[in-house]
Amino acid sequence: MGKPTGFLEYRRMNCLAELPEERIKHWNEFHALQKEDERRRQGGRCMDCGVPFCQSGVQLAGMFTGCPLHNLIPEWNDLVYSGSDGLAFERLRKTNNFPEFTGRVCPALCEAACTCGLHDEPVTVRENELAIVESAWREGRIRPNPPKVRTGKRVAVVGSGPAGLAAADQLNHRGHTVTVFEREDRVGGLLMYGVPNMKLEKQIVQRRTGLMAAEGVEFCTGCDVGRTLSARQLREEYDAVILCCGAKKPRTLAAAAGVDGASFAVDFLAGATRALLDGAAPAGCCVSAAGKDVVIVGGGDTGNDCVGTALRMGCRSVVQLEMMPKSPEKRTAENPWPQWPCICKTDYGQEEAAAVFGADPRRYQTTIKECRTDETGALRAVVTVRLEPKEENGRRRMEEVPGSEEELPCQMLLIAAGFLGPEDYIAEAFALPRDARSNIATAPGTFSVEAQNGRVFAAGDMRRGQSLVVWAIAEGRAAAEEADAFLMGYSNPV
């Protein structure tokens, strides 16, 4: 512990963000890393509290709190404070393959469990993590390090999102020959086409995958396993297969079925990113919000990303609908530390909408009841209805409030209502069993698909359901360790 009284002497200082009115004029990240002296002070706030809940990664009251990767947070915070950036990076890389991703897009489960947060503001764990890894890139500490010996075992990883990349990285460093199959035109999965550029610039993803390629990982883009490439071929040519295909089957909205002007959020976000990467203006991409009244169904991270993207395209207005009641501003007695704080959070997109239009875009306890079209069949308006919670047999459900209908102008309706597990064709291609939530069912306590005689593994969102990047990395690492043990008779993670 570098500064025993640091948490008393130093206040939490977040990285400065560009003003909303300015950052919506571009598609780049908008937070500036702090100067070294301030970053050291922030590291000095870490208490080395004896029981570091920040790295626990445990479930409390049905929600997870603390880092699922069990990052050695007090250790590298101490090293940040002492200016030992190189050693801090060595501690960080032991548990996290891609801190440059989690340092940008993770909701910081670690900070929610920080002991400082019990009576004060938590340590800036996520920002410290990002500063450590970016310093390592800048100083040349991260460079290709291919394994010196190969095992002769071949592994196919299907899907290049965070779970697939983590599994591939671990197995490659172990000495196995790894090929990653990606159906899109670029590597990265969710990181490339699900997370908007202003949260994670795509050269950051390409920088890491370029390093992995230099270390021996082979990437095959445009390879759609289950369609253009058969499951049988993979089983025949590889000693093990790890499926990390995500949970990209979107939840539909009955009122919007077949409506011209209604799109799934994931398609909208992917289209904007693809246009940006191809050198075109996202406002002119195939599904553009430019000049339109946009209504978004879904109050989560994806819905917020749609708000920020629509604003950058030049929408005329934006409204975000959330079925559930608004969360409280502060923790309630029923939601004590170190549980995940069930409080209302205003994210970057909502901040930007408030700056542009003068009000928070969210409307709670509201959903779409009807879509109205013009004479050409194009969407022109939606009818919303208010919802009220009702208790029934100990469970709460939302019911329509009669007479609460309201018409909103709308030429673009974006559905960000979550996902229902992996797409059917990949499960059918490998004859994979499903669980009650339609995710891929693996043997209890493992990542192995029992029906495939131990040679096929599943990890990430397709196994646990729609989740966080940090959880995907944790799943990929764990699946890689299990696959390694299957291949070699024991596991020796690098």
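**Exercise 1. How many residues lie between E12 and E13 in their hairpin, and which residue in the turn has a positive phi?**

Keep in mind that this is a predicted model.

Step 1: Find the two strands. E12 covers residues 379-392 and E13 covers residues 395-400. They pair in the antiparallel sense, over 6 bridges.

Step 2: Look at the end of E12. Glu 392 sits opposite Arg 395 in E13.

Step 3: Now check the turn. The hairpin has 2 residues between its strands, and Asn 393 in the turn has a positive phi of about 55 degrees.

**Exercise 2. Work out where Arg 40 and Glu 36 lie, and whether they are buried or partly exposed.**

Step 1: Start with the contact. Arg 40 and Glu 36 make a salt bridge, and their closest N and O atoms are 2.7 Å apart.

Step 2: Place them. Both belong to helix H3 (residues 36-44), 4 residues apart, which is about one turn of the helix.

Step 3: Use the cut-offs: buried is under 20% relative accessible area, exposed is over 50%, and partly exposed is in between. Arg 40 has 31%, so Arg 40 is partly exposed. Glu 36 has 46%, so Glu 36 is partly exposed too.

**Exercise 3. Sort out which parts of the chain the salt bridge between Arg 463 and Glu 475 ties together, and how accessible each partner is.**

Step 1: Check the contact. The two side chains meet at 2.9 Å, N to O.

Step 2: Place the partners. Arg 463 is in helix H17 (residues 461-464) and Glu 475 is in helix H18 (residues 469-488), so this pair ties together parts 12 residues apart in sequence.

Step 3: Compare each value with the 20% cut-off for buried. Arg 463 is partly exposed because its relative accessibility is 21%. Glu 475 is buried, at 4%.

Step 4: Zoom out. The structure holds 41 salt bridges. Arg 23, Arg 312, Glu 351 and Glu 352 are linked in a network of them.

**Exercise 4. Describe the lining of the second largest pocket.**

Step 1: Begin with the space, which is about 560 Å³. Of the 22 lining residues, those closest to the pocket's centre are Arg 93, Asn 145, Asp 169, His 173 and Val 494.

Step 2: Look for helices. H5 (85-93), H9 (162-174) and H11 (202-214) each give at least two residues to the lining.

Step 3: Sort the lining by residue class: 10 charged, 7 nonpolar and 5 polar.

Definitions and conventions. Residues are numbered from 1 along each chain as its sequence is written. This is a predicted model: local features need pLDDT of at least 70, side-chain atom pairs count only at pLDDT 80 or more; totals for chains, interfaces and linings use all residues. Side-chain values use heavy atoms; hydrogens and water are left out. On a 1 Å grid over the protein atoms alone, a cavity is a set of points where a 1.4 Å probe fits but cannot get out, and a pocket is an open set with protein on both sides within 12 Å along at least five of seven lines; lining residues have an atom within 4 Å of a point. Grid points are joined across faces, edges and corners, and a volume is the space filled by probe spheres set on the points. Ala, Val, Leu, Ile, Met, Phe, Trp, Tyr, Cys and Pro count as nonpolar, Asp, Glu, Lys and Arg as charged, and the others, Gly among them, as polar. Two strands pair if DSSP finds at least two bridges between them. A salt bridge is a side-chain nitrogen of Lys or Arg within 4 Å of a carboxyl oxygen of Asp or Glu. Buried means under 20% relative accessible area, exposed over 50%, partly exposed in between (1.4 Å probe, protein chains only).
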